[in-house]
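This report looks at how the strands, helices and nonpolar cores of one chain fit together. Please keep the sequence and the model in view while reading.

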Amino acid sequence: MTVRVTLPTVDDTHAFGRRLAGVLRAGDLLLLTGPLGAGKTALTQGLGAGLGVRGDVTSPTFVIARVHRPDPARGGTVALVHADAYRLGDATDPRAEIDDLDLDASVDDSVTVVEWGEGLVEQLADAHLRVRIDRRDDDTRVVELEPVGGDWSRRLTALG
């Protein structure tokens, strides 16, 4: 089951991220793919808002990974780990660099979102959600959610 959603604006991308956050729980792994500027970070900003995490969610391209703790005042109960493996693609052994991030230490207790992580981080969880984002010439985003294992298919039906 693949879910496909068309999002006309960046605001719609944020809003969809907030909706998607409603079906997420600790231990979830999301792999975001798509070209530069497609909206991966915009979607993650919506996830952060929906999860009620502290601080602004910004692109972790230069720091590789950020942890956003839950903010109980915003209804947050689970942390968001946001990683970007884009710069690791030039590394001699990108999997070793992923291992150095210790994402496996927090994956059970947080929602982990990895941009450009396909082929590098799937082993962190028994199941994951592949999120492909493409941006059309008119700036419309097309998001495809592909569940891999677990109960993702059932949870995605709740998105309506």
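## Strand pairing and core packing

Opposite valine 3 in the sheet stands leucine 145 of β7. The model is a predicted one, and this pairing belongs to a wider register in which β1 and β7 run in the antiparallel sense and are joined over five bridges. Threonine 6 also has its bridge partner in β7, namely valine 142. Along β1 the side chains alternate, with Val3, Val5 and Leu7 directed to one face and buried, whereas Arg4 and Thr6 are directed to the other face and are not buried.

The strand β7 is also paired with β6, again in the antiparallel sense, through eight bridges. Arginine 135 has arginine 141 of β7 as its bridge partner. Five residues lie between the strands in this hairpin of β6 and β7, where aspartate 139 adopts a positive phi near 75°.

Which residues touch the most other members of the largest nonpolar core? That core has 29 residues, and Leu20, Leu30, Val131 and Leu145 are the ones that do so. At least two residues of this core come from each of β1 (3–7), α1 (10–21), β2 (29–33), α2 (40–51), β5 (110–115), β6 (128–135), β7 (141–148) and α5 (152–157). Another core, of six residues, lies apart from it and includes Leu31, Ala83, Ala85 and Ala125.

Leucine 30 gives a closer view of the contacts: leaving aside residues up to four places away in sequence, leucine 30 touches Leu20, Leu24, Leu47, Val111, Thr112, Val113, Val114, Leu129, Val131 and Trp152. Leucine 129, in strand β6, counts as buried because its relative accessible area is 0%, which is under 20%. With the same sequence neighbours left out, residues up to four places away, leucine 129 touches Leu20, Leu29, Leu30, Leu31, Leu145, Glu146, Pro147, Trp152 and Leu156.

Alanine 79 lies in strand β4 (residues 79–84). Its relative accessibility is 9%, and alanine 79 therefore counts as buried. Not counting residues up to four places away in sequence, alanine 79 touches His68, Arg69, Pro70, Asp109, Ser110 and Val111. Two pairs, one for leucine 129 and one for alanine 79, are set out below with their separations along the chain and in space.

| Residue pair | Separation along the chain | C-alpha to C-alpha distance |
|---|---|---|
| Leucine 129 and tryptophan 152 | 23 residues | 7.1 Å |
| Alanine 79 and aspartate 109 | 30 residues | 7.3 Å |

The helices α1 and α2 pack at an angle of about 45°, and their axes are 7 Å apart. Are α1 and α2 parallel, perpendicular or oblique to each other? They are oblique, because the angle of about 45° falls outside the ranges that count as roughly parallel, roughly perpendicular or roughly antiparallel. The crossing of α1 and α2 is right-handed. On the α1 side the contact is made by Val10, Thr13, His14, Phe16, Gly17, Arg18, Leu20 and Ala21, and on the α2 side by Ala42, Leu43, Gln45, Gly46, Leu47, Ala49, Gly50 and Leu51. Leu20 of this contact is also one of the residues that touch the most other members of the largest nonpolar core, and Leu47 of α2 is among the residues touched by leucine 30.

Definitions and conventions:
Residues numbered from 1 in each chain as written. Predicted model: local features only at pLDDT ≥ 70, side-chain atom pairs only at ≥ 80, totals over all residues. Heavy atoms only, no water. Core = buried A, V, L, I, M, F, W, Y, C linked by side-chain atoms within 4.5 Å. Buried < 20%, exposed > 50% of the residue type's maximum accessible area, 1.4 Å probe, protein only. Helix = DSSP H or I, 4+ residues; strand = E, 2+ residues; numbered from the N terminus. Contact = heavy atoms within 4.5 Å. Pairing = 2+ DSSP bridges. Axes fitted to C-alpha atoms, helices over the stretch in contact; angles between N-to-C directions. Parallel < 35°, antiparallel > 145°, perpendicular 65-115°, else oblique. Left-handed = near helix turned anticlockwise from the far one by under 90°.
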